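Work through these exercises with the model open beside you. Try each task before you read its solution.

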Amino acid sequence: MSVACGLECVFCVGFSRWAWKRCTHVGSDDSATWTSATPEEFEPIPRISRVILAVYEPDLRNPKISPSLGTFDLNPDWVIKRVTHEKTLGRSPPYIIYIDHNHREIVLAIRGLNLAKESDYKILLDNKLGQKMLGGGFVHRGLLKSAAWVLNQESETLRRVWEENGKEYDLVFAGHSLGSGVAALMAVLVVNKPEMIGGIPRSKIRCFALAPARCMSLNLAVKYADVIFSVILQDDFLPRTATPLEDIFKSVFCLPCLLFLVCLRDTFIPEGRKLRDPRRLYAPGRIYHIVERKFCRFPPEVRTAIPVDGRFEHIVLSSNATSDHAILWIEREAEKALQILREKSSETVATMPPKEKRMERLNTLEKEHKDALERAVSLNIPHAVSTAEEEEECNNGDASAESKTKKKNWDEVVEKLFHRSDSGEFVFNDNFVPER
């Protein structure tokens, strides 16, 4: 009896501590110490959001969705390919390929989860912790398979369009929710094998992950922070969902059990132990957090950082946790935030030429990435690489991109980056050397 009472007291204390921390935690706390974004670096995000919104439209000449501008600012004639659910055969969410000649970008945009499509759930649930490795870290298996399938279908198209435009355009992968994970892993694959897209350099590859799913381990999330940019609106639940998504779906009919396990985990598992778990997945890359509420609503502001510890670890108990996940609200709040950033920038008296100011910000972003890499190494994050190792790897990748290789399947590229052990598990090939 006394043992049962003791266990009950431990549970009550633990649950009370967890409840107090969760009830007093608001979304703005996650980025309270971050710096403000500049209008130059945030400018592409509302525009890319509208390209992703276009994937949801069956007819761009007669759109049903009204973005913040009142109409889409993309040219329907520049959409060179549209792939629907029927054409993807359940291997990927629908997507479009769009050439933005005004901004010199080739955009492959992928839509988010369709609640009415069983195939999307299969992609989401095709994963177990520690099942798939890529480039020295763990990734979501289903999303990686989907990314490889899309590249198998479209890499020749992307290469041809990039070469036809003088190899001057940027290649942009963009996605929302489920599509954000696919887009992020596509960017990782292309960065590792640029010769498959005609030798495109890393500096011309970008990825915008809106309302991102946790799809890669912490070392990869930091490593590719110069390529992948995640956008999170206030209290969005998905980037904060550390519990494996397949476990959430399995526990949907036993929600009290799930809350009990989450309570115990957050109360008794130290932060350091979470960071040192190589299988734990995170939102990818540099994060832009759009904050519009504290205790009341106010004009949105944008904070940015490459966080290592404290990287959106706790779900916010908020009535907006699901609505902040919607692509339409992200686009509208991002456009408002961009206008405010531009107004503040115009009010500031410039003390140096704009070109120098832009270069100073680029140097700051590069320094933040190096600091994040070193921070990950200092915290003993599994598979984390130092700045010197990252630069050496980038140089090797640029050298390999210059060589011409025979056409390969992207599934072969994925298999080359890891092998199956005797126990049947996938293990990263430490001796993998990019082709020269």
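**Exercise 1. Is Asp-235 buried or exposed, and where does Asp-235 lie?**

Step 1. Asp-235 has a relative accessible area of 3%, so the residue counts as buried. The model is a predicted one.

Step 2. Find the position along the chain. Asp-235 sits in the loop that runs between β10 (228-233) and α9 (245-250).

Step 3. Look at the side chain. Asp-235 and Gln-234 are joined by a side-chain polar contact of 3.4 Å.

Step 4. List the contacts, leaving aside neighbours within four places in sequence. Asp-235 touches Gly-27, Arg-240, Arg-293, Val-316, Ser-318, Asn-320, Ala-321 and Asp-324.

**Exercise 2. Explain why Cys-207 forms no disulfide with Cys-215.**

Step 1. Recall the bond. A disulfide links the sulfur atoms of two cysteines covalently.

Step 2. Apply the cut-off. The two sulfurs must lie within 2.5 Å.

Step 3. Check the distance. The cysteine sulfur closest to that of Cys-207 belongs to Cys-215 and is 8.2 Å away, which is too far for a bond. Cys-215 is likewise in no disulfide, its nearest cysteine sulfur being that of Cys-207.

Step 4. Check burial. Cys-207 is buried at a relative accessible area of 0%. Cys-215 is also buried, at 0%.

Step 5. Give the count for the model: 0 disulfides.

**Exercise 3. Describe how α6 and α7 pack.**

Step 1. Choose the descriptors. Packed helices are described by the angle and the distance between their axes.

Step 2. Read off the values. The axes of α6 (residues 141-164) and α7 come within 8 Å and cross at roughly 65 degrees.

Step 3. Add the handedness. The crossing of α6 past α7 is right-handed.

Step 4. Name the residues that meet. From α6 they include Leu-143, Ala-147 and Leu-151. From α7 they include Leu-178, Met-186 and Val-190.

**Exercise 4. Which helix gives the largest share of the largest nonpolar core?**

Step 1. Recall the trend. Nonpolar side chains tend to be buried together in soluble globular proteins.

Step 2. Size the core. The largest one has 50 residues. Those with the most contacts inside it are Leu-108, Phe-173, Met-186, Val-190, Met-216, Ile-228 and Trp-410.

Step 3. Find the helix. Helix α7 (residues 178-192) supplies the largest share, 11 residues.

Step 4. Zoom in on Val-190. Beyond its neighbours within four places in sequence, Val-190 contacts Leu-151, Leu-171, Phe-173, Ile-197, Ile-200, Ile-205 and Trp-410.

Step 5. Look for another core. A second, separate one has 34 residues, among them Val-107, Val-172, Leu-233 and Ala-334.

Key
Residues numbered from 1 in each chain as written. Predicted model: local features only at pLDDT ≥ 70, side-chain atom pairs only at ≥ 80, totals over all residues. Heavy atoms only, no water. Core = buried A, V, L, I, M, F, W, Y, C linked by side-chain atoms within 4.5 Å. Buried < 20%, exposed > 50% of the residue type's maximum accessible area, 1.4 Å probe, protein only. Helix = DSSP H or I, 4+ residues; strand = E, 2+ residues; numbered from the N terminus. Contact = heavy atoms within 4.5 Å. Polar contact = N/O pair within 3.5 Å; in protein donor to acceptor, adjacent residues only side chain to side chain. Axes fitted to C-alpha atoms, helices over the stretch in contact; angles between N-to-C directions. Left-handed = near helix turned anticlockwise from the far one by under 90°.
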